Amino acid sequence: MKTVIIDGQGGKMGKMLVEQLKKSLPSLELIAIGTNSIATAAMMKAGADHGATGENPAVVVSSDADIIIGPIGIVIADSMLGEVTPAMAKAIGQSKAEKILIPVNKCNNHVVGSRELPLSEYIKLAVELVESISKEM
């Protein structure tokens, strides 16, 4: 199962996702895609199996991923202070992968109806969903 974590800025969310997924599902192969090298490095240090940085890796891995996880901004062009390019958002959005999008109400993007939770709680919920999806595949 090809599981991709995409994050940007400092990579805090991606790092937490990698740590928790490796703890919960140690055999799961995780591919870390950073919108910048700092985010990629944080996810690799946390234990991701493979990593790459930038637009082209995001486009390439999205084409055949089974699960894509990241902040909601990964499907919104020019979000995350411009780190998500239109090509990245399109590739991720059009991917047939199960997408687990974590609501981060920043950069003028708000998810109505979502609860304001600490990031650690969103990570916990995302890991539980990956566990559920992985059992079905």
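Let's start with serine 95, which counts as buried because its relative accessibility is 9%, under the 20% cut-off for that word. Keep in mind as you look around that this is a predicted model. Serine 95 sits in the loop that links helix 5 (86-94) to strand 5 (98-102). So what does serine 95 touch, if we skip residues up to four places away in sequence? The answer is Ser62, Ala65 and Ile68.

One of those partners, Ser62, takes us to a pair of packed helices. Two packed helices are described by the angle between their axes and the distance between the axes. Helix 3 (residues 55-62) packs against helix 5 at an angle of about 15°, and their axes are 8 Å apart. Because angles under 35 degrees count as roughly parallel, helix 3 and helix 5 get that description. Their crossing is left-handed. On the helix 3 side, the residues that meet the partner are Glu55, Ala58, Val59 and Ser62, and on the helix 5 side they are Ala87, Met88, Ala91 and Ile92. Sort the residues of this contact by class and you get six nonpolar, one polar and one charged.

Just ahead of helix 3 you'll find glycine 54, in the loop that follows strand 3 (50-53) and leads to helix 3. Is glycine 54 buried or exposed? With a relative accessible area of 17%, glycine 54 is buried. Setting aside neighbours within four places in sequence, glycine 54 is in contact with Ile33, Gly34 and Met88, and Met88 is also one of the helix 5 residues that meet helix 3. For a sense of scale, try tracing from glycine 54 to glutamate 116: they are 62 residues apart in sequence, and their C-alpha atoms are 29 Å apart in space.

Met88 turns up again when we move to threonine 35, in the loop between strand 2 (30-34) and helix 2 (37-45). Threonine 35 has a relative accessible area of 13%, so this residue is buried too. Not counting residues up to four places away in sequence, threonine 35 touches Asp7, Gly8, Gln9, Thr53, Met80, Glu83, Val84 and Met88. With glutamate 83 there is something extra to spot: the two side chains make a polar contact at 2.3 Å.

Met80, from that list of threonine 35 contacts, leads us into helix 4, where methionine 80 lies. Methionine 80 is buried, at 9% relative accessible area. Now for a bit of backbone. Most residues other than glycine have a negative phi, and most peptide bonds are trans. Methionine 80 has a positive phi of about 55°, even though it is not a glycine. Aspartate 78 also has a positive phi, near 70°, and is likewise a residue other than glycine. You'll find aspartate 78 in the loop between strand 4 (67-71) and helix 4. Aspartate 78 is exposed, with a relative accessible area of 52%.

Between these two in the chain is serine 79, which belongs to helix 4 (residues 79-82). Serine 79 is buried, with just 4% relative accessible area. Where does its side chain reach? The side chain of serine 79 comes to 2.8 Å from the backbone oxygen of isoleucine 76. Leaving out neighbours within four places in sequence, serine 79 is in contact with Gly73, Ile74, Val84 and Asn109. Val84 is also a contact of threonine 35. The C-alpha atom of serine 79 is separated by 9.1 Å from that of alanine 89, 10 residues apart along the chain.

Our last stop is another helix pair. Helix 1 (residues 12-24) and helix 6 (residues 119-136) have axes that come within 10 Å and cross at roughly 45°. How are these two helices oriented to each other? Helix 1 and helix 6 are oblique, because an angle like that falls outside the ranges for roughly parallel, roughly antiparallel and roughly perpendicular. Helix 1 passes helix 6 in a right-handed crossing. From helix 1 the contact uses Lys12, Met13, Met16, Leu17, Gln20, Leu21 and Ser24, which meet Leu119, Ser120, Ile123, Ala126, Val127, Val130 and Glu131 of helix 6. By class, this contact has nine nonpolar, three polar and two charged residues.

Conventions. Residues numbered from 1 in each chain as written. Predicted model: local features only at pLDDT ≥ 70, side-chain atom pairs only at ≥ 80, totals over all residues. Heavy atoms only, no water. Helix = DSSP H or I, 4+ residues; strand = E, 2+ residues; numbered from the N terminus. Buried < 20%, exposed > 50% of the residue type's maximum accessible area, 1.4 Å probe, protein only. Contact = heavy atoms within 4.5 Å. Axes fitted to C-alpha atoms, helices over the stretch in contact; angles between N-to-C directions. Parallel < 35°, antiparallel > 145°, perpendicular 65-115°, else oblique. Left-handed = near helix turned anticlockwise from the far one by under 90°. Nonpolar A, V, L, I, M, F, W, Y, C, P; charged D, E, K, R; others polar. Polar contact = N/O pair within 3.5 Å; in protein donor to acceptor, adjacent residues only side chain to side chain.
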